[in-house]
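Me: I am new to this structure. Please take one part of it, look at it closely, and then work outwards to what surrounds it.

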Amino acid sequence: MDYRNEAPEIIKGFLIYHETIKAHSKATVDEYYLDLRNFFRFMKLKRNMVPRDSELDSISISDIDLDFVKSVTLSDFYDYLSFLSRDKIVNERSHSPDYGLKASSRARKVSTLRSFYKYLTNKAKLLDTNPLQDIDSPKIPKTLPRYLTLSEAERLLDAVDGPNKERDYCILCIFLNCGLRISEIVGLNVQDIRGDHIRVFGKGSKERVVYINDSVADALNDYLTVRKIQNTSDGSSALFLSNRKKRMSRETVHALVKKYLTKAGLDADKYSAHKLRHTAATLMLQNGVDVRTLQELLGHENLNTTQIYTHIDNTELKIAANSNPLNHYKPEHNEANEITEAEDES
């Protein structure tokens, strides 16, 4: 998919702005386009601009222009949110599809549309007023991230074997020790390994330095020794290579993680590659790493994103619970109750 060939001009300008000025990744910009396309498809269907029986995914938005964009109201947008909440198919390929997107997915689409109209109002100066300025985002239920315990993480590492054991162990080791995203791991090149640290390109192509410990250093050395004798089919400088000697894909790494989770006797449906990142963050926080250091290590732009981990093992809350004066209270032995119980038994 290339939005530059598909998107109408009014949308294309917004996407180019985010890709070139805001330096957002191609994947992020593509998601913006999909969100906007879905919204304007819905609007055309709502306004009877296409036959009522039209499939939403088949509706063209090539005719969307500034006048159409200006005509959108807050009421239209809330109708769209209602559609997402009740009628949107979650997985089009499923034989028995579920309907209704979860709050986090709806919130992302709100964010896209809010950003689009803000751009048209404040940057492009094409709108005098922003119809979505006061739009509210769906309330997202607060949930704690799932993570492996220390012993479970060790079981996962112990489960690695097979012809690619050095590579697979190294990938899992980096997940669990450095907390990298899966996109960051598959994006690593050999030249990004620099002695005691790794150069990582995170979201928005933001570069950061992640220092490695002895376990990761040993795993990298073992893998690089094996990799030196491998000839890449495309001259790739990718650190982690597939069996075809090309850069590993996200899908391959996901499958790799699931395989070893199952082999370690862990629930592969409950945990994923991203949960290994959660595991690294949690274990470091539990062992004395402060939240601001963790923020930099994980590449979080906002501290609030990192602070979710502080709720997992909050020592101060445990101390508070144990400090309650009723902590050690036990009911005194009640002789009357004992007599009554004895009479009941007789």
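Reply: Val-289 is in contact with Met-284 and Leu-294, leaving aside its neighbours within four places in sequence. The model is predicted. Val-289 sits in the loop between α12 and α13, the latter spanning 291-298. Is Val-289 buried or exposed? Neither word fits: its relative accessibility is 25%, so it counts as partly exposed.

Follow Met-284 next. This partner of Val-289 belongs to α12 and takes part in the meeting of α12 with α8. From α12 come Ala-273, Leu-276, Arg-277, Thr-279, Ala-280 and Met-284. From α8 come Leu-172, Phe-175, Leu-176, Asn-177 and Cys-178. By class, this contact holds eight nonpolar residues, two polar ones and one charged one.

How do α8 and α12 pack? Their axes are 6 Å apart, at an angle of about 45°. An oblique pair has an angle outside the parallel, antiparallel and perpendicular ranges, so α8 is oblique to α12.

Now turn to the other side of the story, α11. The axes of α8 and α11 come within 11 Å and cross at roughly 90°. These two helices are therefore roughly perpendicular to each other. On α8, the residues involved are Arg-167, Asp-168, Ile-171, Leu-172 and Phe-175. On α11, they are Val-253, Leu-256, Val-257, Lys-259 and Tyr-260. The contact of α8 with α11 has seven nonpolar residues, three charged ones and no polar ones. Leu-172 and Phe-175 appear in the contact with α11 and also in the contact with α12.

That leads to the core. In soluble globular proteins, nonpolar side chains tend to be buried together. Here the largest nonpolar core has 45 residues. Those with the most contacts inside this core are Leu-156, Leu-172, Ile-174, Phe-175, Leu-220, Phe-240 and Val-257. Which elements give two or more residues to this core? They are α7 (150-158), α8 (165-178), α9 (182-186), β2 (197-201), α10 (214-227), α11 (250-263) and α12 (273-286). The most comes from α8, with eight residues.

Phe-240 deserves a stop. Not counting residues up to four places away in sequence, Phe-240 touches Arg-167, Cys-170, Ile-171, Ile-174, Ile-185, Leu-188, Tyr-223, Lys-246, Arg-247 and Met-248. One of these, Ile-174, is also listed with the most contacts inside the core. Two others, Arg-167 and Ile-171, also meet α11 from α8.

Next, the cysteines. How many disulfides are there? The count is zero. Why does Cys-173 not pair? A disulfide needs sulfur atoms within 2.5 Å. The closest cysteine sulfur to that of Cys-173 is in Cys-170, and 6.8 Å is too far for a bond. Cys-178 tells a similar story: its closest cysteine sulfur is in Cys-173, 7.6 Å away, again too far. Cys-173 is buried, at a relative accessible area of 1%. Cys-178 is buried too, with a relative accessible area of 1%.

One backbone detail belongs here. Lys-245 is in the loop between α10 and α11. Its phi is near 65°, a positive value in a residue other than glycine. Lys-245 is partly exposed, with a relative accessible area of 26%.

Step back from this region. A second, separate core has 39 residues, among them Leu-36, Met-43, Phe-68 and Leu-81. Elsewhere in the chain, α2 (residues 9-20) and α6 (residues 103-123) have axes that come within 10 Å and cross at roughly 95°. That makes α2 roughly perpendicular to α6. In α2, the residues are Ile-10, Ile-11, Gly-13, Phe-14, Tyr-17 and His-18. In α6, they are Thr-112, Ser-115, Phe-116, Tyr-119, Leu-120 and Lys-123. By class, that contact has seven nonpolar, four polar and one charged residues.

The loop between α2 and α3 (26-46) holds Ala-23. Ala-23 has a positive phi of about 60° although it is not a glycine. Its relative accessible area is 33%, so Ala-23 is partly exposed.

Last, the whole chain. It has 16 helices and three strands. Of its 346 residues, 41% are buried. Among contacts between residues at least 6 apart in sequence, 57% join residues at least 24 apart.

How values were computed. Residues numbered from 1 in each chain as written. Predicted model: local features only at pLDDT ≥ 70, side-chain atom pairs only at ≥ 80, totals over all residues. Heavy atoms only, no water. Core = buried A, V, L, I, M, F, W, Y, C linked by side-chain atoms within 4.5 Å. Buried < 20%, exposed > 50% of the residue type's maximum accessible area, 1.4 Å probe, protein only. Helix = DSSP H or I, 4+ residues; strand = E, 2+ residues; numbered from the N terminus. Contact = heavy atoms within 4.5 Å. Axes fitted to C-alpha atoms, helices over the stretch in contact; angles between N-to-C directions. Parallel < 35°, antiparallel > 145°, perpendicular 65-115°, else oblique. Nonpolar A, V, L, I, M, F, W, Y, C, P; charged D, E, K, R; others polar.
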